[in-house]
Amino acid sequence: MSHFHRRQFLQSGVVALANYVIGAPLSNEAQSETRRGIFDAHLHIPSDNGENFQWNLVTRNMPEFVAYLDKCGVRRGVISSSWSNKAQTPEDYRSGNREVAKYVERYKGRFRGSCVITPFRIDEALREIEHCHKEYGFVWLGEFCNYMTGYKYDTPEWAEVMKLATALNLVLQIHTTTSEMRYLAENFPDAVIVFPHLGANRNDIFERIEIVAKHKNTCIELSGSGIERVGILEKAVKEIGADRVLYGSDFTINDPAAVIARVRNAFLTAEDREKILFRNVERLLANAGAKPQRKA
Ligand SMILES: [Zn+2]
């Protein structure tokens with residue numbers, strides 16, 4: 001082997017090894033094909049520090065996370081950090097959000113980043129939301145999970161988060177009980193809110209669908225309990241309309257393919273299925289952030 005060939009061989013070996021270790025970004029071809037691929041609105045990445053929402057770890061790091069999404073047929077998604085959700089200090093959520101930005105960059109074309117904060121030190125939280133939007137181009141916030149670190153949504157601090165999100169035109173994804181859901185939908189009619197989870201039982205599910213149907217600024221997202229009940233997705237689409245029902249899985253906690261199977265088998269039109277699986281989240285992302293300048 002000539003010196004030149006040996007060098008080339010070594011180089012390609014290094015690239016292959018790097019792709020193996022960090023996971024391959026999508027090729028240009030795959031990216032264009034991906035434009036019609038399934039878009040998961042609710043993904044929690046495993047953190048480099050070992051933080052992970054999965055109850056029994058089988059996808060421990062980003063390459064394994066991405067490989068599992070591939071297996072399920074999920075080509076794109078909104079990612080947030082579990083480290084940020086469990087943050088004890090602003091430093092924790094900042095680190096989680098930086099990690100999200102890093103992986104959005106690394107897996108070009110696959111993921112959109114989401115910023116998560118906790119409202120305990122509200123000035124720092126608001127600064128972080130602006131930073132993620134301006135520096136990393138994030139237009140999505142959440143999933144916020146108040147039960148994880150014990151904060152409430154009906155506080156002046158949380159109102160500040162809602163106000164800033166509305167001013168910057170960012171999507172908010174908020175985990176709520178039905179009463180929290182009603183409170184947020186009624187008090188922040190100008191905010192774009194995605195409520196994950198159909199609900200835990202019959203009454204819960206019916207009530208959550210009713211709230212979203214009534215508040216046009218809100219969407220329901222299909223991860224977690226409820227989707228496995230046959231007929232519920234059809235009810236959500238009938239009452240809310242297919243434009244405000246989004247596919248999301250809550251992976252790494254829940255299986256992405258389980259939700260996709262129900263959407264595919266549902267008694268819906270092909271057009272409605274496309275809206276749910278990727279068009280609605282694409283629209284939310286495209287309409288979020290700075291409005292394009294119109295020429296005079
Ligand atoms: Zn979640």
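This is a working chat about a predicted model of a protein and its zinc site.

User: Before the details, how many helices and strands are there, and what share of the residues is buried?

Analyst: The protein in this predicted model has 13 helices and 8 strands, and buried residues make up 52% of its 296 residues. Among the contacts between residues at least 6 apart in sequence, 76% join residues at least 24 apart.

User: Ok, which residues coordinate the zinc ion?

Analyst: The zinc ion is held by His42 and His44, each through NE2, together with Glu143 through OE and Asp250 through OD, at 2.0 to 2.2 Å. Along the chain these donors follow the spacing H-x1-H-x98-E-x106-D, and since His44 belongs to strand 1 (residues 38–45) while Asp250 is in the loop between strand 8 and helix 12, that pair ties together parts that are 206 residues apart in sequence. Both His44 and Asp250 are buried.

User: And what's the geometry of the site?

Analyst: The site of the zinc ion is irregular, with angles of 84 to 174° among its 4 donor atoms. For comparison, the ideal angle for four tetrahedral donors is 109.5 degrees. The tetrahedral label requires all angles to lie between 85 and 135 degrees, and water is not among the atoms, so sites may look incomplete.

User: Let's stay with Asp250. Where does it sit, and what does it touch?

Analyst: Asp250 is located in the loop between strand 8 (245–246) and helix 12 (256–265). Not counting residues up to four places away in sequence, Asp250 touches His42, His44, Glu143, His197 and Ser223, and its side chain makes a polar contact of 2.8 Å with the side chain of His42.

User: Which side chain of opposite charge is nearest to Asp250?

Analyst: That is Arg208, which is 10 Å away, and Asp250, although buried, has no salt bridge.

User: Switching to the backbone, where are the cis peptide bonds?

Analyst: One cis peptide bond joins Gly142 and Glu143, with omega of about 15°, and Glu143, found in strand 4 (residues 140–145), is also one of the residues that coordinate the zinc ion. Another cis peptide bond joins Phe251 and Thr252, with omega of about 20°, and Thr252 is in the loop between strand 8 and helix 12, where Asp250 is also placed. As a general point, most peptide bonds are trans.

User: What about phi, which non-glycine residues have a positive value?

Analyst: Among them are Asn169, with phi of about 60°, and His197, with phi of about 80°. In general, most residues other than glycine have a negative phi. Asn169 lies in the loop between helix 8 (156–168) and strand 5 (171–175), whereas His197 is found in the loop between strand 6 (192–196) and helix 10 (202–214).

User: Are those two buried or partly exposed?

Analyst: Asn169 counts as partly exposed because its relative accessibility is 22%, while His197, at 12% relative accessibility, counts as buried. His197 is also one of the residues that Asp250 touches.

User: Last one, where is Ser47 and what is it in contact with?

Analyst: Ser47 is in the loop between strand 1 and helix 3 (62–72), and because its relative accessibility is 5%, Ser47 counts as buried. Leaving aside neighbours within four places in sequence, Ser47 is in contact with Ser81, Trp83 and Glu99. Ser47 and Met62 are 15 residues apart in sequence, and their C-alpha atoms are 8.0 Å apart in space.

Technical notes: Residues are numbered from 1 along each chain as its sequence is written. This is a predicted model: local features need pLDDT of at least 70, side-chain atom pairs count only at pLDDT 80 or more; totals for chains, interfaces and linings use all residues. Side-chain values use heavy atoms; hydrogens and water are left out. Helices (H or I, at least four residues) and strands (E, at least two) are DSSP runs, numbered from the N terminus. Buried means under 20% relative accessible area, exposed over 50%, partly exposed in between (1.4 Å probe, protein chains only). Lys and Arg count as positive and Asp and Glu as negative; His and the chain ends are not counted. A salt bridge is a side-chain nitrogen of Lys or Arg within 4 Å of a carboxyl oxygen of Asp or Glu. A polar contact is a pair of N or O atoms within 3.5 Å; within protein, one must be able to donate a hydrogen and the other to accept it, and residues adjacent in sequence count only if both atoms are side-chain atoms. Contact means heavy atoms within 4.5 Å. Donors are N, O and S atoms within 2.8 Å of the metal (3.2 Å for Na, K and Ca); water is not among the atoms, so sites may look incomplete. Four donors count as tetrahedral if all angles lie between 85 and 135 degrees; four count as square planar and six as octahedral if opposite donors are over 155 degrees apart and all others between 65 and 115; anything else is irregular.
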